[in-house]
Amino acid sequence: MSDLRGKKGGGRRRLLSPTIAGGIALIVYLALLLVTTWVAQERLSHATKARHALDARLHANALSYFYAERLGDLANLRRDQVVQSFFVNRDLGMSMKYGLNTSLVSVRDTLVERVGEKRVDSAPFFDRIALFDADGTILVDTAADPPATDHWAPLDAGLPTDVRLVVDAPRHPDAILVEAPVVMAGRGRGTLVAWINERAALAALVGLDPGSSGVARYRLLRSAAEVADIESAVGATIEVSGTPFYLVGLERAALDERLLTSRWFLFALVLLAVALLVGGWMLLGAQRQNLVLQTRMDVARLQRRKLSEHNERLREEIKKRQEYERRLIYQANYDSLTGLPNRTLAMDRLEQSLMITAREDHRVLVFYVDLDHFKRVNDSLGHAAGDEVLIQTAERVSTLVSAGDTLARLAADEFLVIYPDLRDPVDAAERAQALLGLFAAPFSIEGRELFLTATLGIAVSPRDGKNAEDLLKNADLAMKEAKDGGRARYSFYVPGLDTQIRQRLSMANLLRHAAERGELGLLYQPLIDLHSGRVVAAEALLRWTSEELGAVSPDLLVPVAEDAGLIQQIGGWVLERACAAAARWQSIATCRVAVNVSSLQLQAPELFSEHVDLALSRSGLSAGLLELEITEGVLLRDRPTIGTLLADLDRRGIRLSLDDFGTGYSALSYLRRFPFHVLKIDRTFIMGIPENQEDVELTRAIVAMAQALGLSVLAEGVERPEQRDFLVDQGCDLAQGYLFSRPIDADALGAMLLRQGEMTPS
C-alpha cells in the first residue's frame, strides 16, 4: 500500500510538475502577453496623440500660411500700379471726365480679378474686396449689392501703415477681415478691406469638402478664452502664428479604455491572437497614416509651387496689361518728346485752375509761348536738331514752373504756361520778362551754338476769359500780336484783337483779286549816284489801293500776302511790271530797277527763277539792269538751294543787293559766301547821323568794310543835306530818300531821266 501510494504520489508529482510548469509558463506567457499588450497600448495611445498633435500643428501652420498669403495679397494690391495711379491722378487734379473715372474702373477690374483668382474648387477665398476713401466712404466694391451705409475708418489712431487681420470689427463682428491702409507721400489716401471666406479656407486647408460634416473635426477660435467652452476638445490648443486665432481638435482618441481589467483578463486567452493582430494592424495603420500625411504634404507643396508659378505668370500678364494701359493713358495726356502735358491735359488743368480760383478770388495767368524762326532750324539743321531745341526749351522754362503750375506743349513749337495763383497783375510782366530772359543764352545743338528767341502772349482770368477755351484763344491772339510787333517780346491781350485778326483775314480775301481789279500798282524811288548826283537806278515799291479799304499801308501789305500764301503770285506780278517799266526807261537813259524779294519766294527757288526768266523775256530787259534786294533773314536758313540760286542769278548777270544790313545778325560770312554787289545800310542808322555818334561810327564802319570787300554801298532814308554830305565824305556810292525824291510812278521817273539827260552838257 505504501508503495502504491508512493507510486501514485510520484505520478501525481510527475503530472503536477508539467501542469505547474505549464501553468507557470502560461502565467508567464499571459503576464508577458499582458505586459506586451499594455506596452503596445501605451505606445499606440502616445502615437495617436502625437498624430493628432501633428495634424493640428500642420493645419495651424497651413492656416498661418493661408492668412499670411491673404495679408500679402492685400499688401501687393495696395501697391498695385492701378490703385496708386488713381490717387496720383486725383492729386494732380484729373477730373472724372478726363480719365479719373477710367482709372476707377481699372481699380474695380483689378479687385474683381483678385477675388476670382484666389479659389478652392468653386469657392473663393475672398467674399468681397472694397476700397474705402480716406473719409471712410466706398470708392470701389466687388460686392454686387454693397450696403449703402457701409463705412470704414482705420482702427488705429494716427497714420496706420501695416496690413493686418481684423476680427470683431464694429460693423462686421462675425467676419474675418484684412485691412490694408493705402499711404502715399506720408499721407493716408484710403483703405483696402477684404472679407475672407472662413469656412472655405478652413475646409481647403484641412482637406475636407466644405459641405461635409467632417469639417467639424477642427474649430478655429478667436481667443484662448473660448477653449474652456469646447467640451470635446482633444489635445492642447494651438496658436495660429501671425493671427489672433487658436486651432483646437474635436475628435476623440480611438483608444480610451485600459486593458488591465477583469473582463480583459477573462478573455485574454481567447482574444490573444486577435489582440496581437489588432495591435499590429493599428501600428501598421499609424505608419500608413503617417505615409498618407507625408504624401498629402508633398502634394500640397507641389500644388503650392504650381500655384505660385501660375500666379507669377498671371502677375506678369497683369503687369504687361497695366503697363499697356499706363502707356495709353500717358500717350493720351503727355507729349512723347518732352514729357510735358499735352493740349488735352493742359486744358483740363486750366479748367480745374479756373474753378478753384473762382472760389478763392484769385487770377489765373496764362503764357502762350512760341519760338521765333523755329522752322528755320528744322529746314537748315533737320528735325533731330529741332527736337533737341524743343527739349532744351522745355528744360529751361520748367525752371520757372513750381509744383502747382503747369508747363505744357500745345503744338510743334508752341508751349503753354499756367500760373493758377496770380495775386498781383504786376507779377505777370515780371514773370514774362524772366521767361524771355531764359533765351538769352545760346542753344547747344550738334556741337554748334544757336540763338533763338521766343514770343509771349499773355491772358489773365477772368478779365480775358472765364473758361479755358477763351483764355487760351486770347493768349494766342496776344502772341500773334507780339509777333507782328517784332518778335522776341511779350504782349498782353487787349479787347479787339480777335476783330483785328478777322480784319486781316478779310484783307487777305480782298488781296486775292486785287491785281485782277487793277488795285495794285508800283511806285519807284530813285537811287542817286552821290558822286555824279544822277539817277542810276530805281527801287520798285508795291502799293495797294482797295475799293473797300482805301490805301493799305505797305508795312501791312507784305505780311498779309505772306500769311495768305499770295506772295509768289504777287511777287511774280511785281517782277513783270518792274522789268517792263525799266525796259521803257532804257530808250531815255540807262537805269536799273531794284525789286525786293520776300524770303518765302526763295523757299521755292525753281518757281522764283522761272518768274525772273519770264519777266526778263517778256520785257526784253537785259539781266544786268535787274537788281534783286534780299534781306539777311533769308540767309539765316543756310540752305544749299539758296546759295545755288544766288550763284545762278549772279552768273546770268543779275545784280544782288543785301538789304537792311545792320539790323539782323550782320555776319561777314554772308558777304564772303554769297555773290552780292550792293550793300544797303538800313535807314535806322542814317536817321541818327550826324547827331548820334554811335550811328556815325557804325555807318563809317559799314562803308569801310564794304569798300574793303569791293561792294557798292547804298544808304536808304536820306532826308537831310548833312546826312548826304557825311555819306559823300565817307565814300558812300549810292543813296535814296526824300531828300532826292519821294516814290513816283514809272512815267514820272521817265520824265526825271529825260530832264537829267537834257541837263547833261553835250
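1. A network of salt bridges links E539, E629, D659, K680 and E716. This network is described from a predicted model, as is everything that follows in this note. Under the distance rule applied here, the salt bridges number 34. In general terms, side chains of opposite charge can pair when their charged atoms come close.

2. As to overall make-up, the protein chain holds 23 helices and 26 strands. Of its 762 residues, 44% are buried. Contacts between residues at least 6 apart in sequence were also examined, and 64% of them join residues at least 24 apart. The accessible surface of the chain is about 39600 Å², and carbon and sulfur atoms account for 55% of that area.

3. One individual salt bridge deserves separate mention: R128 and D141 pair through their side chains at 2.6 Å, N to O. This pair links distant parts of the chain, with R128 in strand β3 (residues 126–133) and D141 in strand β4 (residues 138–141), 13 residues apart. Are these two partners buried or exposed? R128 has 10% relative accessibility and therefore counts as buried. D141 is likewise buried, because its relative accessible area is 8%, and the cut-off for a buried residue is under 20%.

4. A second pair sits within one helix. The side chains of E312 and R315 form a salt bridge at 2.8 Å, N to O. Both residues belong to helix α6 (residues 272–333), where they are three residues apart, about one turn of the helix. E312 has a relative accessible area of 38% and so is partly exposed. R315, at 43% relative accessibility, is also classed as partly exposed.

5. A further salt bridge joins the side chains of D648 and R652, with an N to O distance of 3.4 Å. D648 is partly exposed, at a relative accessible area of 25%. R652 also counts as partly exposed, its relative accessibility being 28%.

6. On the surface, D387, E388, E395 and E446 form a negative patch. E446 occupies the loop between β14 (443–445) and β15 (448–450). With a relative accessible area of 57%, E446 is exposed; the residue therefore passes the accessibility cut-off for patch members, which is over 30%.

7. The backbone at E446 also merits attention. Its phi is positive, at about 55°, although E446 is not a glycine. A second residue of this kind is H373, a residue other than glycine whose phi is near 60°. H373 is placed in the loop between β11 (363–371) and α8 (374–381). H373 is partly exposed, with a relative accessible area of 34%. As background, most residues other than glycine have a negative phi, and most peptide bonds are trans.

8. Where do cis peptide bonds occur? One runs from S461 to P462, with omega near -5°. P462 is located in the loop between β16 (454–460) and α11 (468–484). Another cis peptide bond joins I689 and P690, and its omega is about 0°. P690 lies in the loop between α20 (683–686) and α21 (693–708).

Notes:
Residues are numbered from 1 along each chain as its sequence is written. This is a predicted model: local features need pLDDT of at least 70, side-chain atom pairs count only at pLDDT 80 or more; totals for chains, interfaces and linings use all residues. Side-chain values use heavy atoms; hydrogens and water are left out. Helices (H or I, at least four residues) and strands (E, at least two) are DSSP runs, numbered from the N terminus. Buried means under 20% relative accessible area, exposed over 50%, partly exposed in between (1.4 Å probe, protein chains only). Contact means heavy atoms within 4.5 Å. Accessible areas come from the Shrake-Rupley method with a 1.4 Å probe; for residues, only the protein chains shown count as cover. Patches are made of residues with over 30% relative accessible area and no salt bridge: like charges are joined within 9 Å, nonpolar side chains (Val, Leu, Ile, Met, Phe, Trp, Tyr) within 5 Å. A salt bridge is a side-chain nitrogen of Lys or Arg within 4 Å of a carboxyl oxygen of Asp or Glu. Lys and Arg count as positive and Asp and Glu as negative; His and the chain ends are not counted. The place of a charge is taken as NZ of Lys, CZ of Arg, CG of Asp or CD of Glu.
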